2 protein chains.
Amino acid sequence: MKKIIIASTSTLYDGSYLDYLLPTLKKHFRGITQLLFIPFARPGGISHYDYTKKVSDTFAQIGIAVKGIHEFENPTEALQQAEGIFTGGGNTFLLVTQLYKTGIIETLEKVVKNGTPYLGTSAGSNICGLTMGTTNDMPIVYPPSFNTLAFVPFNINPHYLDPIEGSTHMGETRETRINEFHHFNSQPVLGLREGSWLEVKGDKIVLKGALPARLFKKNQEAVELETGADLSDLK
Amino acid sequence: MKKIIIASTSTLYDGSYLDYLLPTLKKHFRGITQLLFIPFARPGGISHYDYTKKVSDTFAQIGIAVKGIHEFENPTEALQQAEGIFTGGGNTFLLVTQLYKTGIIETLEKVVKNGTPYLGTSAGSNICGLTMGTTNDMPIVYPPSFNTLAFVPFNINPHYLDPIEGSTHMGETRETRINEFHHFNSQPVLGLREGSWLEVKGDKIVLKGALPARLFKKNQEAVELETGADLSDLK
């Protein structure tokens, strides 16, 4: 049975790394002594080592050790044997490129669909959808494909941002970008505001966190979903 | 001799389409009766027809007729015979995908490098750099490559946006994104603020418009360039 948390962000403006999620993660990863961390998205270009250290320091607070997938000689085996998996945020193009180039993407998909508890934040959440086509990131490297893990049958837009009132900037708003996506793609897109996450248990998908999420469907007006909303039938 | 204008945006906040650039375009396209328009970036998903109509209405003000490249049976020939070329803004992933799929990208590169006057705005400016790797757009379609026209030997970031003071949003700032780009790419990136443009005449590249631009080089602090700055040696 799938057991997945798909979080918009790792860090809230007034918080420290993952702190708002820790009570949830304590339950989500109950019984787990070691977490396998995928640091490929490298926020700000941070090294795999430094990124894993940061995550390790945080999970130490709830008694879970962390090992980076780059530390294993056989990453596929590491995924197969993992008690739990966390993919951190950063650049989605880089993350997806590395998932393909290291050849682990299929195994990652398989083990999580088979029940290994998973946490994604930001870029690590983007890849939980059908494609990475609704990432906000800059295309700093060219991935072999935009197809991602399809843990949910729609796309995620993390760090969903409402139009900024009074802005004089003429770049596209997030909503405009997602509407452009829907000219060429049919799957729904869920805009997850910072502090929101999805909890996936088997086929059940529920919106959690303090804020509503914004749901975009092709050829339909976007709608707001209140926290607690059941998205199990969304596709 | 190359004769190119690379503009950050088509439209200023308090302006109408291209109005701030029209006096410049009148000189840039002097003697031209018909402009070839490439509408592939389709902002907001607008059709090729509607986009070309909008551009046509604007250029009518300076006595230039506009024909969309989609109207030609042989787009390669249309490029070869064009008196001037304009690629409009929208989604860069879509634009680049179409340039490759229609097979015109090489001809476009060739004729502009050989002297056909060119105007790019936004996505149409992004493609003037070495790659589209510093676009701000959402990856709504998967292009065959991120390599672009290399009219200038560096990358462009149009609609360059300074960090928003007091913002509580945790998504990356533009500067953070460009720094991530430089972890994996070596070419300079020029952040063009809305209202700025580059004027390329042969090998001479000059910054124009009211605002300074922000120049990012790998492993260096970003610097501000005043309008009038000569970028001919930047690479």
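The exercises below work through the interface of chain A and chain B in a predicted model.

Residues are numbered from 1 along each chain as its sequence is written, and chains are lettered from A in the order in which they are written. Local features need pLDDT of at least 70, side-chain atom pairs count only at pLDDT 80 or more, and totals for chains, interfaces and linings use all residues, while side-chain values use heavy atoms, with hydrogens and water left out.

**Exercise 1.** Find how many residues each chain brings to the contact and what area is buried.

*Solution.* Taking contact as heavy atoms within 4.5 Å, one finds 47 residues from chain A and 47 residues from chain B. The two chains bury about 3800 Å² between them, with 64% of it on carbon and sulfur atoms; buried area is the accessible area (1.4 Å probe) lost on putting the two parts together, summed over both.

**Exercise 2.** Identify a salt bridge across the interface of chain A and chain B.

*Solution.* The rule, a side-chain nitrogen of Lys or Arg within 4 Å of a carboxyl oxygen of Asp or Glu, finds two salt bridges across this interface. One of them joins A:Asp137 to B:Arg177, whose closest N and O atoms are 3.7 Å apart.

**Exercise 3.** Work out how chain A is laid on chain B, and whether the copies meet through the same surface or different ones.

*Solution.* With superposition by least squares on the C-alpha atoms of residues with pLDDT of at least 70 in both copies, a turn of 180° and a shift of 0.0 Å along the axis lay chain A on chain B with an RMSD of 0.0 Å. That is the relation of a two-fold axis. Because 100% of the interface residues of chain A are also interface residues in chain B, the copies meet through the same surface.
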